[in-house]
Amino acid sequence: MHFLAPLVLFLLPITTLSQAVPTSANSNTAKTTQLKASELPVGAIITQCTIPGTIALTFDDGPYIYTSQLLDTLSQHGARATFFLNGHNRGDIDTSAEIVQRTLAEGHQLGSHTWNHPSLDTLPYEEIVQQMTMLEEAFVRILGFFPTYMRPPFLIYTPVVLGAMADLGYHVIGVSVDTKDYENDNPDTNWISFDKFVGEVDAGGSIVLAHDVYQYTVELLVDNMLADVERRGLSAVTVGECLGDPSEYWYSAGR
C-alpha cells in the first residue's frame, strides 16, 4: 500500500487522543476515545456547509461496482466528494480494498455508514456500538485507521444513537439536499433527482445525498450535478473541507 506513505505526517497529530466521557447509561460497554482538537461537535447532526462557496457531494452505501466509474467522473471535473461506506451491504469492503484505497488516494473523504446498514433506532446501545466498531476494524485492516465522520442509515437517529456517536467521537452528518436517486435509477426519470438537486441547492442546501450503488446516479446524475455546481461557481469539496475541519481530524489511529 505505497499510497499510504504520504499519509505518515497526516496521521501523526491523530495520536493525541483522550478518554471520552460516557453519555449513556450503557456506555461502560464500549472502550471509547474521541478527538479533542476538532472544533466540530460529536453526537450532533450537521446538515450544512459553513465555508462560503462550497458544496459537498456525498455518496452512501458503497463501495460497489459503480464506484470506480464515479471516481473517474469526479477526477474529470476536478471535484472531491465524501463516501460513507458500509462493511457489508451491496458490496463488501474487504473485497473492495483497492477501491477504498483509491478513493482516499484521490483526495476524497471516507466516512462510516455502519457495518451492514441497519436502522440504528431498532438497536440497543451495545449493538449500535458494535455496528460502528466492526467497520472500524475493517478500515484498520485496509488503511490502518478509521473515520471520525459517520452518517446513520436511512438518516434515522435517536438520543441513544447520538449518545453512542458522542461516546465514540463521531461527527454525525445529515443532509440538506436529498436527491432521492434511489427512486429514479433509470434514464427516463433520473432528471427528477437532478431537478430536486437544483431546487434544494437554490433553497440554500449544501450537503448533498446520493448513492454510488445506483447505475444512473453514476452515469447521469453526477455529471449533471457537477455541471450545475460549476455553473454556479461553487467548489465541490469534501464534507470536512466544507465545514472548515482540518484533514488531520478526519480519521483516528485507534482508541
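Which backbone nitrogen does the side chain of T114 reach? The side chain of T114 reaches the backbone nitrogen of H117, at 3.0 Å. This is a polar contact, a pair of N or O atoms within 3.5 Å; within protein, one must be able to donate a hydrogen and the other to accept it, and residues adjacent in sequence count only if both atoms are side-chain atoms.

The model is predicted: local features need pLDDT of at least 70, side-chain atom pairs count only at pLDDT 80 or more, and totals for chains, interfaces and linings use all residues. Residues are numbered from 1 along each chain as its sequence is written, and side-chain values use heavy atoms, without hydrogens or water. The pLDDT is the predictor's confidence in each residue, from 0 to 100. Its mean over the chain is 89, and 85% of the residues reach 70 or more. Over residues 1–36 the pLDDT is below 50. Beyond near neighbours in sequence, this stretch has 66 contacts in the model. A contact means heavy atoms within 4.5 Å.

T114 sits in the loop between β6 (109–112) and α4 (125–143). Helices (H or I, at least four residues) and strands (E, at least two) are DSSP runs, numbered from the N terminus. The relative accessible area of T114 is 0%, so T114 is buried. Buried means under 20% relative accessible area, exposed over 50%, and partly exposed in between (1.4 Å probe, protein chains only). Leaving aside neighbours within four places in sequence, T114 is in contact with L85, N86, G87, L120, Q131, M132, L135 and P153.

L85 also appears in the lining of a cavity, the second largest. On a 1 Å grid over the protein atoms alone, a cavity is a set of points where a 1.4 Å probe fits but cannot get out; lining residues have an atom within 4 Å of a point. Grid points are joined across faces, edges and corners, and a volume is the space filled by probe spheres set on the points. Two cavities of 30 Å³ or more are counted. The second largest holds about 30 Å³ of space. Its lining consists of P63, T67, F83, L85, I99, V100, T103 and L110. β5 (82–85) and α3 (97–105) each supply at least two of these residues. The largest share, three residues, comes from α3.

Helix α5 (residues 159–168) has eight of its ten residues buried, so the rest of the structure largely encloses this helix. The buried residues are V161, L162, G163, A164, M165, A166, D167 and L168. Just after α5, G169 takes a positive phi of about 80 degrees.

One disulfide is found in the whole structure. A disulfide is a covalent bond between the sulfur atoms of two cysteines. The cut-off used here is a pair of cysteine sulfur atoms within 2.5 Å. C49 is joined to C242, with an S to S distance of 2.3 Å. The pair links distant parts of the chain, 193 residues apart. C49 lies in the loop between β3 (45–46) and β4 (54–60), and C242 in helix α8 (residues 239–242). The torsion about the S-S bond is about -85 degrees, so the disulfide is left-handed. C49 is buried at 15% relative accessible area. C242 is buried too, at 0%.

G244 is found in the loop between α8 and β13 (251–252). With a relative accessible area of 46%, G244 is partly exposed. Not counting residues up to four places away in sequence, G244 touches T50 and I51. G244 and I51 are 193 residues apart in sequence, yet 6.3 Å apart in space, C-alpha to C-alpha.

Conventions: 1 Å grid on protein atoms, 1.4 Å probe; cavity = no way out; pocket = protein on both sides within 12 Å on 5 of 7 lines; lining within 4 Å.
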